[in-house]
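This report describes the folds of two chains and the way in which they meet. The structure is shown first, and the description follows.

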Amino acid sequence: MRALAALFARELRLANRAGGGGAMGVVFFLILVTIVPFAIGPDLNLLARIGPAILWIAALLSTLLGLDRLFLSDHEDGSLDLLEMADTPLELVVLVKCLAHWAVTGLPLVLAAPLFGVMLAVEGDALWGVTASLAVGTPALTFIGAIGAALTVSLRRGGLLMAILVLPFTVPALIFGVSAASAASGGTVPFLTPFLILCALSLASMALAPFAAAAALRSGG
Amino acid sequence: MLKYANPTFFLRLVGAVLPWLWGATILTLGVGLYMTFLIAPADYQQGETVRIMYIHVPAAWLSMFIYTVMTLSALGTLVWRHPLADASQQAAAPLGAGFTFICLVTGSLWGKPMWGTWWVWDARLTSVLVLFLIYLGLIALWNTIEEPLKAARAAAILTLVGVVNIPIIKFSVDWWNTLHQPASVLRMGGPAIHPTMLWPLLVMAVGASLLFVCLHLMAIRNEILRRRLRRLSYLAAEAADHVLEPRAEAGA
């Protein structure tokens, strides 16, 4: 346990020093949210209706771009080999790395979401709905993305391939996330139904993705 | 299974069996197409357009069946390290993508006159599209990792992660309110389709499956030969190195 706690602290320290991980993700999130009204037009009613969807897609793409940093720097300087050979099970190592990664890249997105939602004219219940759905849904994105990151860690230009591998599997999280966000502002679907399914997706991916990612790291790295 | 692990034995076996398999394929598909166009009745509502079903449904069945074949091969690679399992996976991926593509396109062509739209984002169509994307991702993974053994293990892991999509596709028409029609053949209570339409459908399905088996065996054979070629070119390069080395040492 001490080893895992030390690993968690190391990840946080590295993310702060190597600079920019969390902040760049939020900036990219902001840029995406800014681009959309340029493309769609400033009609506030339309933006309010599709606001939760835009926030979710932007969060997904920001997470995807940030996933590169999950294993790549460790692979390059050899610490990934040390982690693989250590006594601590590789699955737990992956779990801790992903949790730290979510704390650094996913959590800032969740905290920034209400502010950016206001820019998209998302108000009141819908705003809290989309923030809550992002809070429980971004771990699913990080953990599912970790599988893709582990599969492509030893490739030199694996960024686009990782996106191709990861995106089809994040579709359920996207569907239920937007459904929960829209349900928060009323309608026929109760908020809890998609919200609890989203929680289940996150918990399932937290439990299962480390096994797949660890297997991928062992076979590829 | 271990007997077939020897590539030379496998190549000999395929060489002997393949002509018969092709004969059976052409015969079955011929009979199937004859039944499709000349024996099966036109639908009372859809008219002649229903004949697309005899291509669309076997292609759909095959797209899921091929993914299952790939999953079993993936288990062969990861659990038993069976040498031909790698080649089997790699050979099956483009075939699966092809059949899924045929399923999506014929479904689209059928949907336009029947539903009035080329595409709709309902559960069945969306999950089959996701299956297509998973196939494309696997092909991309195979093409990107150069070392065949590493590529096989990585693709095997991804295949096993993606197998969760297959039951979702099968039961999507039961779990969600979809435009796509519900299960008519493989369902509790037996097929809900009339025998005059069921038999051509089953014959076309068997024909398509035989087609897949022929193409799959040929592709595995090609993959074995390709890997032999790769190994031979490495050996040739090494031999060339040894010829040059002594001269380099004399010069340095």
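## Chain B: elements and dimensions

From the N terminus on, the elements of chain B follow the order α-α-α-α-α-α-α. The model is a predicted one, and in it chain B has 7 helices and 0 strands.

For a compact globule of 252 residues, a radius of gyration near 18 Å would be expected, but chain B has 22 Å. The C-alpha trace of chain B spans about 85 × 40 × 30 Å along its principal axes. Buried residues account for 33% of the 252 residues of this chain. Of the contacts in chain B with a separation of 6 or more, 76% join residues that are 24 or more positions apart.

## Chain A: elements and dimensions

Chain A contains 9 helices and 0 strands. Read along the sequence, its pattern is α-α-α-α-α-α-α-α-α.

What radius of gyration does chain A have, and what would a compact globule with 221 residues have? The value for chain A is 18 Å, which agrees with the figure near 17 Å for such a globule. Along the principal axes, the C-alpha atoms of chain A fill a box of roughly 55 × 35 × 30 Å. In chain A, 48% of the 221 residues are buried. Among contacts in chain A with a separation of 6 or more, 81% are between residues 24 or more positions apart.

## Helices 7 and 8 of chain A

Within chain A, helix 7 (residues 124–151) and helix 8 (residues 159–184) have axes that come within 9 Å and cross at roughly 165 degrees. Because angles over 145 degrees count as roughly antiparallel, helix 7 of chain A is roughly antiparallel to helix 8 of chain A.

The crossing of helix 7 of chain A and helix 8 of chain A is right-handed. The contact of these two helices comprises 18 nonpolar, 7 polar and 1 charged residues.

## The interface between the chains

Where the two chains meet, 14 residues of chain A are in contact with 15 residues of chain B. On the side of chain B that touches chain A, the elements giving two or more residues are helix 4 (123–144) and helix 5 (148–162) of chain B. Helix 4 of chain B provides the largest share of that side, with 8 residues. By class, the residues of the side of chain B that touches chain A are 11 nonpolar, 2 polar and 2 charged.

## Helix 9 of chain A against helix 5 of chain B

One helix pair spans the two chains: the axes of helix 9 (residues 192–220) of chain A and helix 5 of chain B come within 9 Å and cross at roughly 170 degrees. Helix 9 of chain A and helix 5 of chain B are therefore roughly antiparallel to each other.

Which residues make this contact between helix 9 of chain A and helix 5 of chain B? Helix 9 of chain A contributes Ala212(A), Ala215(A), Ala216(A), Ser219(A) and Gly220(A). From helix 5 of chain B come Lys150(B), Arg153(B), Ala154(B), Ile157(B) and Val161(B). Divided by class, the residues of the contact of helix 9 of chain A with helix 5 of chain B are 6 nonpolar, 2 polar and 2 charged.

Technical notes
Residues numbered from 1 in each chain as written. Chains lettered and ligands numbered in written order. Predicted model: local features only at pLDDT ≥ 70, side-chain atom pairs only at ≥ 80, totals over all residues. Helix = DSSP H or I, 4+ residues; strand = E, 2+ residues; numbered from the N terminus. Rg over C-alpha atoms; globule rule 2.2 N^0.38 Å. Buried ≥ 20, exposed ≤ 12 C-beta atoms within 10 Å, placed from the backbone. Contact = placed C-beta atoms within 7 Å. Nonpolar A, V, L, I, M, F, W, Y, C, P; charged D, E, K, R; others polar. Axes fitted to C-alpha atoms, helices over the stretch in contact; angles between N-to-C directions. Parallel < 35°, antiparallel > 145°, perpendicular 65-115°, else oblique. Left-handed = near helix turned anticlockwise from the far one by under 90°.
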